[in-house]
Amino acid sequence: MDHLLGIKGLTAEDINLIFNTADNFKEVINRPIKKVPSLRDITIANIFFENSTRTKLSFELAEKRLSADVVNFASSSSSVKKGETLIDTVNNILAMKVDMVVMRHPNPGAPHFLSKNVQAKVVNAGDGTHEHPTQALLDSFSIREKLGTVKGKKVVIVGDILHSRVAISNIYCLKLLGAEVMVCGPRTLIPKYAESLGIMVEYDLRKALEWCDVANMLRIQLERQDMAYFPSLREYTMQYGLDKALFESIGKAITVMHPGPVNRGVEISSDIADSANSIILQQVENGVAIRMAVLYLLAGKIKSLD
Ligand code: CP
């Protein structure tokens, strides 16, 4: 691959190569000296046109752990506010001899557009409601770490599937790795095409939890909702929130995940988010190793062209 634009287009072999590379980098970031010189000759620009905590910090740390030179760009404090186009902005950054661009953008397809119009490797850090490939990779990597394998595991993704790039990328990734995948949420937040992706759809959270090994609880993406998809957050929580009483009534040890940011008390209660069954912080830790692997493998491509 010249770029990482989505999980769509990757093969299971590509993903396993990323995971095996991330295994090595996970060992590196747990050493007293957490740094390797692998990308010493590479400059990476992180350009974020949308808010981020985890993804932005995780990419930046991954780049620094690989000894890359790093520049950061946030649209809120840039000349984009003065009317500059995306291509002009990025070409100006590239004129400063940048090799790779990590971009988050609110418009689906923005990184694909960029990859066709600039001379740099592009990594999609989330494009609107479309894809968030490194999140899906770190999620499946975390399942593999916790349960030994992804193949054959039953994973339910719960909540606002309609507006979620995390859900779409996870569905592609989990299917490629041989998991059984279900989505669960209100009818209004499940896309009509869901079953055409080869996944199951369940509207009853209890039944979904009884079926699964892993529950990935998503945030309600109010910032992307142009109408009321359910009567109130309180009613959503009553039907689709995961709390201790529901969890304990299922009577088995489900692994609980969340991509963050977590809205505690809405899609998940604090006692479940902070429980031994939750791997939310392991997901964040694994994000650095996965992003190191992605950048390292893409940069290898740059070097092979030299
Ligand atoms: N999971 C995720 O993409 O979080 P951020 O929006 O904080 O980057």
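Visitor: In this predicted model, how much area is buried between domain 1 and domain 2?
Guide: Carbon and sulfur atoms give 63% of the area buried between domain 1 and domain 2, and I7, F19 and T129 supply 25% of the area that domain 1 buries against domain 2, more than any other three residues. The total buried between the two domains comes to about 2400 Å².

Visitor: Which residues of the chain make up domain 2?
Guide: Domain 1 is assigned in two pieces, 7–131 and 284–305, and its centre, taken over C-alpha atoms, is separated from that of domain 2 by 26 Å. In contact across the boundary are 31 residues of domain 1 and 25 residues of domain 2. Domain 2 itself is made up of residues 133–280.

Visitor: Which element gives the most residues to the side of domain 1 that touches domain 2?
Guide: Between domain 1 and domain 2 there are 10 residue pairs in polar contact. At least two residues of the side of domain 1 that touches domain 2 come from each of α1 (12–29), α2 (54–65), β3 (100–105), β4 (121–127) and α11 (280–305). The residues on that side of domain 1 divide into 11 nonpolar, 11 polar and nine charged. With nine residues, the element that gives the most is α1.

Visitor: How many salt bridges are found across the interface of domain 1 and domain 2?
Guide: Side chains of opposite charge can pair when their charged atoms come close. A search of the whole structure finds eight salt bridges, and across the interface of domain 1 and domain 2 the number found is three.

Visitor: Why does the salt bridge of E145 and K26 tie together parts that are far apart in sequence, and how many residues apart are they?
Guide: The closest N and O atoms of E145 and K26 are 2.6 Å apart, and the two residues form a salt bridge. Because E145 lies in helix α5 (residues 133–147) whereas K26 lies in helix α1, the pair ties together parts whose separation in sequence is 119 residues.

Visitor: Which residue has its side chain in a salt bridge with that of R165?
Guide: The N to O distance in this salt bridge is 2.9 Å. The side chain that meets R165 there is that of E50.

Visitor: Which residue around the ligand places a backbone N or O atom 3.2 Å from a nitrogen atom of the ligand?
Guide: The residues around the ligand are S52, T53, R54, T55, R104, H132, Q135, P259 and G260. Polar side-chain atoms lie 2.6 Å from an oxygen atom of the ligand in the case of S52 and 2.9 Å from an oxygen atom of the ligand in the case of H132. The backbone atom that lies 3.2 Å from a ligand nitrogen belongs to G260.

Visitor: Is the peptide bond from G260 to P261 cis or trans?
Guide: P261 is found in the loop between β9 (255–257) and α10 (270–273). With omega near -10 degrees, the peptide bond from G260 to P261 is cis.

Visitor: What is the phi of S67?
Guide: S67 is found in the loop between α2 and β2 (69–74). Although S67 is not a glycine, its phi is positive, at about 70 degrees.

Technical notes: Residues are numbered from 1 along each chain as its sequence is written. This is a predicted model: local features need pLDDT of at least 70, side-chain atom pairs count only at pLDDT 80 or more; totals for chains, interfaces and linings use all residues. Side-chain values use heavy atoms; hydrogens and water are left out. Domain bounds come from an automatic or database domain assignment. Contact means heavy atoms within 4.5 Å. Buried area is the accessible area (1.4 Å probe) that two parts lose on being put together, summed over both. A salt bridge is a side-chain nitrogen of Lys or Arg within 4 Å of a carboxyl oxygen of Asp or Glu. A polar contact is a pair of N or O atoms within 3.5 Å; within protein, one must be able to donate a hydrogen and the other to accept it, and residues adjacent in sequence count only if both atoms are side-chain atoms. Helices (H or I, at least four residues) and strands (E, at least two) are DSSP runs, numbered from the N terminus. Ala, Val, Leu, Ile, Met, Phe, Trp, Tyr, Cys and Pro count as nonpolar, Asp, Glu, Lys and Arg as charged, and the others, Gly among them, as polar. A residue is near a molecule or strand if one of its heavy atoms lies within 4 Å of it.
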